Amino acid sequence: METGNRSCGTDFSLVGLFQYGHMDTFLFTVISILFAVALIGNITLVLLIRLDQRLHTPMYFLLSQLSIIDMMYISTTVPKMAANFLSDTKAISFLGCAVQAFVFLTLGGSEALLLGFMSYDRYIAICQPLHYPVLMSRKICCSMVAGAWSSSSINAFIHTVYVFQLPFCGSRMVNHFFCEVPSLLPLVCEDTSQYEYTVLVSGLVILLLPFLAILASYARVLVVVIQMGSGKGQSRAVSTCSSHLTVASLFYVTGLSTYTQPHSLHSPGRDKVVAVLYSIVTPVLNPFIYSLRNKEVMGALRRQMG
């Protein structure tokens, strides 16, 4: 029996956003629209940053990387979720579930670390502007992005390999709309309390530490901005930092609520709502918050549109 449970040929079944599919057509339409908006917004932002010479700065290089991650991030969960709204089986293969969990963890970790690096960029730009060209050189920016991708990939690989070698017994019904590590642990037929400590540690390192760094950076930025004599400089700095902090808070707080609790305290209904916020809403909001509240991006959009 245990051998069969470990078999890669055994499918999982995703419950979906709601257990009973009375609103599947409506939800399919809403999710598809959000998916399209996220892709269009992020693609537009990436193209603007690439085409407009005035946006070839470290800040916008990191922002373009964030948009690329967001496009991949929402594409990891939404297509399968939308397809399941129109399907009766809602099945996902063992291998497909493992790949989805790995990619989702990798992208989520990369975004968490990248947001921290973006706050560091704003801190240096406002608090140490004379050192900015040296501390945020092209080489350092590329190293930041590479570090975010590599560390999150290693973390995701370790968790995915460990979880999917565990014995799954009984029902393989995943009470979620995608394969996420916390939603898989209730299906494991052995004690996972020790492993949950490693999930907690990973969540604290990848989510909490960057979030605390962001709060500390912007606290320092706020002090410097208050001391500025220029009202224009104050408003620009506050606008840039407040938009970044809004997105970061939504992403980190919801992520921490999922990855720092033992599965015995999880509520499937609440977990799915929270997952919608950090896996769908955040990628939709990011390009608009960064562009609509940023005069440089809006200026680049007007120039490209003639």
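Let's start with a pocket. The second largest one holds about 270 Å³ of space. Keep in mind that this is a predicted model.

Who lines this pocket? There are 14 lining residues. Closest to the centre are Ile49, His56, Phe61, Ser64 and Arg138.

Now the elements behind that lining. Helix 2 (24–51), helix 3 (58–85) and helix 6 (138–164) each give two or more residues. Which helix gives the largest share? Helix 3 does, with six residues.

And the chemistry? By class, the lining of the second largest pocket splits into eight nonpolar, four polar and two charged residues.

Next, a helix pair. Look at helix 4, residues 94–127, and helix 8, residues 193–227. Their axes come within 9 Å. They cross at roughly 20°. Angles under 35 degrees count as roughly parallel, so helix 4 is roughly parallel to helix 8. The crossing of helix 4 past helix 8 is left-handed.

What makes the contact? On the helix 4 side, find Gly109, Ala112, Leu113, Leu115, Gly116, Ser119, Arg122, Tyr123, Ile126 and Cys127. On the helix 8 side, find Ile206, Leu207, Pro210, Ala213, Ile214, Ser217, Tyr218, Arg220, Val221, Val224 and Val225.

Sort the residues in this contact by class. You get 15 nonpolar, four polar and two charged residues. Arg122 sits on helix 4 and Arg220 on helix 8.

To recap: a pocket of about 270 Å³, with helix 3 giving six lining residues, and helix 4 crossing helix 8 at roughly 20°.

Definitions and conventions. Residues numbered from 1 in each chain as written. Predicted model: local features only at pLDDT ≥ 70, side-chain atom pairs only at ≥ 80, totals over all residues. Heavy atoms only, no water. 1 Å grid on protein atoms, 1.4 Å probe; cavity = no way out; pocket = protein on both sides within 12 Å on 5 of 7 lines; lining within 4 Å. Points joined across faces, edges and corners; volume = space filled by probe spheres on them. Helix = DSSP H or I, 4+ residues; strand = E, 2+ residues; numbered from the N terminus. Nonpolar A, V, L, I, M, F, W, Y, C, P; charged D, E, K, R; others polar. Axes fitted to C-alpha atoms, helices over the stretch in contact; angles between N-to-C directions. Parallel < 35°, antiparallel > 145°, perpendicular 65-115°, else oblique. Left-handed = near helix turned anticlockwise from the far one by under 90°. Contact = heavy atoms within 4.5 Å.
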